[in-house]
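Open the model in your viewer and show side chains as sticks. This tour follows charged pairs.

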Amino acid sequence: MEVTIRKTKVSIIQADITKQATEAIVNAANPSLMGGGGVDGAIHRAGGPAILQECKRIVARQGKLPTGKAVVTTGGNLKARYVIHTVGPIWHGGGGNEGELLRSAYYECLKLASVNKLASISFPSISTGAYGYPVGEAAEIAVSTAVSFLKEQATSLREVVFVVFDSRTYQSYCSALQVYLDGSKA
Ligand code: ADP
């Protein structure tokens with residue numbers, strides 16, 4: 001599924017994010033930036049040791065990465081030139097500001113990509129794996145954050161891709177984007 005918002009194409013695809021050729025891919029990291037399971041492990045495996053080396057330097061300089069923030073490293077051996085690492089919230093039932101933190105994670109990545117004048121970025125479904133965030137709600141936040149960013153901010157981005165792994169997540173993201181389309185027609 002695909003829409004255009006101002007000058008930026010927004011699409012949702014079911015694929016492996018480590019194979020994406022956008023200028024940056026986003027990693028759903030944890031605060032240590034030392035790698036882990038899920039998409040984080042897959043990105044480090046595919047990108048090679050240069051990514052971890054840079055992550056270690058970042059942590060030595062500024063400490064652990066707080067939830068909702070983002071940093072950029074090389075993409076190492078990936079097709080993507082850069083990896084933008086962000087930390088989504090762990091789902092604790094919704095009362096712990098999870099929504100705002102997830103919104104912030106997407107927003108900080110879009111901002112960092114724009115500051116670095118990047119043309120394209122791919123996102124995984126942040127927080128909906130090991131971190132347990134309900135997929136329907138997370139999809140709504142992911143899509144609405146990107147749509148409002150693209151409507152409101154001047155950006156170099158011409159392409160934003162949500163790269164999801166399974167069909168249930170794919171359906172949730174498409175429904176969220178459809179809500180935006182229906183809303184913009186009204
Ligand atoms: P978190 O800890 O933020 O929940 P996970 O990596 O556990 O992150 O899961 C986030 C999402 O990424 C899940 O939907 C998972 O299925 C998906 N995922 C795992 N590996 C990949 C991959 N190679 N490409 C795209 N998505 C992936």
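Is lysine 9 buried, partly exposed or exposed? Select lysine 9: with a relative accessible area of 30%, this residue is partly exposed. Keep in mind that the model is predicted.

**Stop one: across the chain.** Add glutamate 159 to the selection. Its side chain meets that of lysine 9 in a salt bridge, at 3.9 Å from N to O. The pair links distant parts of the chain. Lysine 9 sits in strand β2 (residues 8-14), glutamate 159 in strand β7 (residues 159-164), and 150 residues separate them. Glutamate 159 is also partly exposed, at 26% relative accessibility.

**Stop two: helix α3.** Colour residues 98-115, which form helix α3. Pick arginine 103 and glutamate 100. Their side chains form a salt bridge at 3.9 Å, N to O. They are three residues apart, so about one helical turn separates them. Arginine 103 is partly exposed, with a relative accessible area of 28%. Glutamate 100 is partly exposed too, at 47%.

**Stop three: further along the helix.** Stay in helix α3 and select glutamate 108 and lysine 111. Here the N to O distance of the salt bridge is 3.6 Å. Again the partners lie three residues apart, about one turn of the helix. Now check the surface. Glutamate 108 has a relative accessible area of 18%, under the 20% cut-off, so this residue counts as buried. Lysine 111, at 37%, is partly exposed.

**Last step: the total.** How many salt bridges does the count come to? The count is five, including the pairs visited here.

Definitions and conventions
Residues are numbered from 1 along each chain as its sequence is written. This is a predicted model: local features need pLDDT of at least 70, side-chain atom pairs count only at pLDDT 80 or more; totals for chains, interfaces and linings use all residues. Side-chain values use heavy atoms; hydrogens and water are left out. A salt bridge is a side-chain nitrogen of Lys or Arg within 4 Å of a carboxyl oxygen of Asp or Glu. Helices (H or I, at least four residues) and strands (E, at least two) are DSSP runs, numbered from the N terminus. Buried means under 20% relative accessible area, exposed over 50%, partly exposed in between (1.4 Å probe, protein chains only).
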